[in-house]
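Biologist: Please show me the model, and then justify the terms you use for it.

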Amino acid sequence: MPSLSSSSIASTTAKPPATAAVWWAGAPLVALCATLAVLRNLEQHLSWTVFLLTAGTCGLLWIGRRLEAVHAPTVALLGIALLMRLPLLTLPPTLSDDILRYLWDGRVAAAGQNPYALAPEAAELAPLRDDLWQALPHRQVPTVYPPLAVGLFSIAARLPASQQVLKGALAGADLLAAWGLIAIARRRHWPVARVVLFAWNPLLALESAGMGHIDALGVAATVAVVAALVGPRRDGRAAPLAAAAGILAKLAPVAAVPMWGRQSGRPWRFVLLAGGTSLVAFAPVLLATGGPPPGWLTYGVSWEFNGPLFEPLWRLVDRLGVAAGLHHLLDLVKAGTGHHEGWNRLYPWIYPKLIAKTLLALLMGLAVWRSWRRPDPVRGTAELFAALLLCSATFYPWYITWMMPWAALLRRHSWLLLSALLPLSYLPQFSNLPLMPWLFAAIWGPFFLLEIHRRWSSTG
């Protein structure tokens with residue numbers, strides 16, 4: 001086996017030895033993914049799963065740094081990424097049941113029903129019930145997924161081996177994202193090998209090809225936007241249409257549209273094309289539900305897990321008695337105005353977790369406003385999505401997919417290390433281990449220390 005030391009790789013200038021080095025470097029990660037496929041029920045082998053993901057990602061950080069010294073051929077880079085994902089397609093969804101909901105929503109849409117207005121428990125959908133329905137989570141909540149995602153779900157739901165078809169499509173989206181990152185790296189004259197930090201990341205491969213999370217499609221569209229903006233025709237139609245595709249796959253990219261529009265050089269054209277395309281696709285949904293789909297409100301108000309700022313913030317709000325103070329203020333307003341019925345409706349909404357979410361939503365708005373003036377699409381997208389993720393009340397392991405393309409290209413060590421530690425968040429989901437305080441500190445403590453060091457170094 002060829003040595004992967006920095007000296008041997010650095011001395012490799014001819015393409016065949018470099019190609020061999022890349023294949024040998026990726027072989028252990030392919031073996032890791034094959035091992036996860038052999039374990040099969042990852043919930044039952046949770047300790048091994050977390051260990052393999054964490055150790056594999058730490059090894060990837062070492063490999064990626066050394067591969068930067070060689071010419072990394074695209075075929076080899078993408079070939080390893082493909083080989084990592086192929087065995088994971090066979091995994092059952094034991095770490096996340098999201099794909100079951102995807103396929104149910106697709107079945108509902110394929111049957112001509114409206115998954116935005118009808119929750120799975122709706123009597124109108126009773127004829128569609130089977131074992132899939134029995135395994136569904138959150139049957140009382142209508143779908144939260146945008147139209148492009150539901151369209152993909154409905155195609156997969158009509159086909160045999162629906163789970164594998166859908167996961168295969170999302171693994172393909174991963175590969176397209178990696179291809180787009182290679183294009184960005186070449187245009188910026190960065191080492192193409194940096195892309196392995198995204199394409200070979202074991203956690204990302206598991207979340208797309210193994211568990212089948214739709215985030216992969218939205219991330220691929222986001223990478224396409226940035227690739228178009230750093231290309232020779234940044235004011236073309238490709239970027240705004242890719243932005244619309246990202247919004248219609250998952251809503252997060254809508255926050256970047258003002259920034260991308262300004263970076264395109266023709267902001268109004270970009271915003272109108274991206275926003276108009278999205279609005280046309282969303283119009284039937286909004287008309288059918290009489291406004292924002294109810295599932296969105298439920299998600300925004302009720303979902304929370306492992307939010308890096310949210311978890312400590314709502315506890316601080318609770319300890320400081322902010323909710324009680326707001327209740328008292330509301331009592332004074334009622335006494336002063338003499339209107340009780342209208343003000344009484346606010347009391348159920350004043351509690352620590354929702355107060356914390358409101359404060360973080362304001363920070364998200366500030367991040368969107370600040371991003372508008374960022375001139376560079378790569379760094380601007382990285383900073384914006386980092387802020388959105390940090391302010392989110394929910395941070396499941398697959399959410400980091402939105403940041404990893406930019407962490408790879410820019411070598412943001414804090415986020416790369418976080419991708420190695422995030423598998424620890426599976427432990428409280430499937431065991432009796434509590435998230436707070438020690439697991440939370442183990443996941444987020446190193447990240448924030450590295451972020452503080454990075455920002456201190458950049459200003460020092």
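The questions below go from the whole chain to single residues.

Biologist: What confidence does the model have overall?

Modeller: This is a predicted model. The mean pLDDT of the protein is 93, and 96% of its residues reach 70 or more.

Biologist: Which residues have pLDDT under 50?

Modeller: Residues 1-17 stay under 50. The model has 20 contacts beyond four places in sequence for residues 1-17. Where pLDDT is low, the predicted coordinates should not be read in detail.

Biologist: How many helices and strands does the secondary structure hold?

Modeller: The protein has 24 helices and zero strands.

Biologist: Why is the protein called as compact as a globular protein of its length?

Modeller: The globule rule gives 23 Å for 460 residues, and the radius of gyration of the protein is 23 Å, close to that value, so the description holds. As for extent, the C-alpha trace spans about 80 × 60 × 50 Å along its principal axes. Of the 460 residues, 52% are buried. Among contacts with a separation of 6 or more, 77% are between residues 24 or more positions apart.

Biologist: What supplies the accessible area of the protein?

Modeller: Carbon and sulfur atoms supply 66% of the about 20,300 Å² that the protein exposes.

Biologist: Which residues form the nonpolar patch on the surface?

Modeller: W23, V75, L82, L83 and L86 form the patch, and together they have about 450 Å² of accessible area. Helix α4, residues 74-88, gives the largest share, four residues.

Biologist: Why is L83 called partly exposed?

Modeller: L83 lies in helix α4. The relative accessible area of L83 is 38%, and partly exposed covers values between 20% and 50%, so L83 is partly exposed. Patch residues need over 30%, and L83, at 38%, meets that cut-off.

Biologist: How do you know that H189 is exposed, while R40 is partly exposed?

Modeller: Exposed means over 50%; H189 has 74%, so H189 is exposed. R40 has 44%, which lies between 20% and 50%, so R40 is partly exposed.

Biologist: What is phi at R40 and at H189?

Modeller: Phi of R40 is near 65°, a positive value in a residue other than glycine. R40 sits in the loop between α2 (15-39) and α3 (46-67). H189 has a positive phi of about 60° and is not a glycine either. H189 is in the loop between α8 (162-187) and α9 (196-199).

Biologist: What kind of peptide bond joins M436 and P437?

Modeller: The bond is cis, with omega about 0°. P437 is in the loop between α23 (426-430) and α24 (438-459).

Terms used:
Residues are numbered from 1 along each chain as its sequence is written. This is a predicted model: local features need pLDDT of at least 70, side-chain atom pairs count only at pLDDT 80 or more; totals for chains, interfaces and linings use all residues. Side-chain values use heavy atoms; hydrogens and water are left out. Patches are made of residues with over 30% relative accessible area and no salt bridge: like charges are joined within 9 Å, nonpolar side chains (Val, Leu, Ile, Met, Phe, Trp, Tyr) within 5 Å. Accessible areas come from the Shrake-Rupley method with a 1.4 Å probe; for residues, only the protein chains shown count as cover. A salt bridge is a side-chain nitrogen of Lys or Arg within 4 Å of a carboxyl oxygen of Asp or Glu. Helices (H or I, at least four residues) and strands (E, at least two) are DSSP runs, numbered from the N terminus. Buried means under 20% relative accessible area, exposed over 50%, partly exposed in between (1.4 Å probe, protein chains only). pLDDT is the predictor's confidence in each residue, from 0 to 100. Contact means heavy atoms within 4.5 Å. The radius of gyration is taken over C-alpha atoms; the globule rule is 2.2 Å times the number of residues to the power 0.38.
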